[in-house]
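Here are my notes on the structure, set out as numbered points for you to read beside the model. They go through the charged pairs, then single positions, and then the surface.

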Amino acid sequence: MQERLAAITEREFHTGLGTYLVVASGVVIPILMYIPAGYGRHLEADTVKRFFKGCNSVSIDHKIAWVLMEFPAVAVSLACLRNRTQNSTPALVLSGMYLWHYVYRSLIYPLTVRSANQTPLHIVMSAAHVTSSVSYLITREVTHFKEYPESWMQKPAFKAGVVLFALGWIMNLHSDFILRNLRKPGETGYKIPRGGLFRFVTAANYFAEFAEWCGLALAAQAPSTYVFVFLTFANLFPRAVQHHRWYKQKFEDYPKERKAFFPFVY
């Protein structure tokens, strides 16, 4: 057994890690459709209290939690970039797209957060595990395993993917702005977000992030990016559905035409 482990190549490890994340996410989807992840507005949900009794006893500041959850992706990505074996423009653009998202999420976004909520430590640890794992999968593949000649920049799929990623990031930024300004200083409680993508879906910020990673996958055409699209869907879609149910129960005037995650669809 030890000899076998020693003989595993990095490529085999890379593939195995991606497979593990896909399988784990497939298992998690139906669970999260019934039991919301225990943080934010769902922290007091009956199902969360029933199934995660005791797990939420240790919590940390929401802003610090964001840094601890997202910064591992930055650190791992930079380490992979330092050990890259190709320096083609497409490879650096693709890894830069991924890295920029997490630089913003871990170092800039937490400074804008107004929430005084606490985040359970087990949520932080789980998220850090996923972000660091995915960061290794994607950055290592696009800078080492997969070949990206300079001509890749001319592919229509690459150009369309970059545009979709940029649009997703802008929509995500705008959705965060709307959510951040729902409450005036000193106000508490929840309000119905309006404007932007929120005209069409409850979880506008989630859909925008999903669009980002679909753009990256389209531009990169690498298995690891497809894995990440699936992971993102497995995490964000059930939570969007939970948000949608919560809003409809809490607000009688909640827009009936608004969907949960996919505009005009669901």
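1. I begin with Asp176, which is buried, its relative accessible area being 5%. Please keep in mind throughout that this is a predicted model. The cut-off for calling a residue buried is a relative accessible area under 20%, so Asp176, at 5%, counts as buried.

2. Which residue forms a salt bridge with Asp176? The partner is Arg105, and the closest N and O atoms of the two are 3.0 Å apart. Because Arg105 lies in helix 5 and Asp176 in helix 7 (residues 156-180), this pair ties together parts of the chain that are 71 residues apart in sequence. Arg105 counts as buried as well, with a relative accessibility of 5%.

3. The count of salt bridges comes to 2, and the pair not yet described joins the side chains of Glu10 and Arg140, with an N to O distance of 2.7 Å. This pair links distant parts of the chain, since Glu10 belongs to helix 2 (residues 10-34) and Arg140 to helix 6 (residues 121-145), 130 residues apart. Are these two residues buried or partly exposed? Glu10, at 32% relative accessibility, counts as partly exposed, whereas Arg140, at 11%, counts as buried.

4. Returning to helix 5, which spans residues 89-112, I would look at Ser106. With a relative accessibility of 1%, Ser106 counts as buried. A polar atom of the Ser106 side chain lies 2.6 Å from the backbone oxygen of Tyr102. Once neighbours within four places in sequence are left aside, the residues in contact with Ser106 are Val67, Glu70, Phe71 and Val74.

5. Gly96 is another residue of helix 5, and here the relative accessible area is 32%, which makes Gly96 partly exposed. Measuring from C-alpha to C-alpha in the model, Gly96 and Leu78 are 9.9 Å apart in space, while in sequence they are 18 residues apart.

6. On the surface, Phe71, Trp100, Leu107 and Ile108 form a nonpolar patch, and together they have about 350 Å² of accessible area. Which element gives the largest share of this patch? That share, 3 residues, comes from helix 5. One of the patch members, Ile108, has its place in helix 5 and is partly exposed, with a relative accessible area of 35%. Phe71, also named in the patch, is among the residues in contact with the buried Ser106.

7. Two backbone angles deserve a look by eye. Gln221 is not a glycine, and yet its phi is positive, at about 50 degrees. This residue is found in the loop between helix 8 (204-220) and helix 9 (223-250), and Gln221 is partly exposed, with a relative accessible area of 29%.

8. The other angle belongs to Phe264, a residue other than glycine whose phi is positive, near 70 degrees. Where is Phe264 placed? Phe264 lies in the segment after helix 9, and at 66% relative accessibility Phe264 counts as exposed.

Conventions: Residues numbered from 1 in each chain as written. Predicted model: local features only at pLDDT ≥ 70, side-chain atom pairs only at ≥ 80, totals over all residues. Heavy atoms only, no water. Helix = DSSP H or I, 4+ residues; strand = E, 2+ residues; numbered from the N terminus. Buried < 20%, exposed > 50% of the residue type's maximum accessible area, 1.4 Å probe, protein only. Polar contact = N/O pair within 3.5 Å; in protein donor to acceptor, adjacent residues only side chain to side chain. Contact = heavy atoms within 4.5 Å. Salt bridge = Lys/Arg side-chain N within 4 Å of Asp/Glu carboxyl O. Patch = residues over 30% accessible without salt bridge, like charges linked within 9 Å, V, L, I, M, F, W, Y side chains within 5 Å. Areas by Shrake-Rupley, 256 points an atom, 1.4 Å probe, with all protein chains shown as cover.
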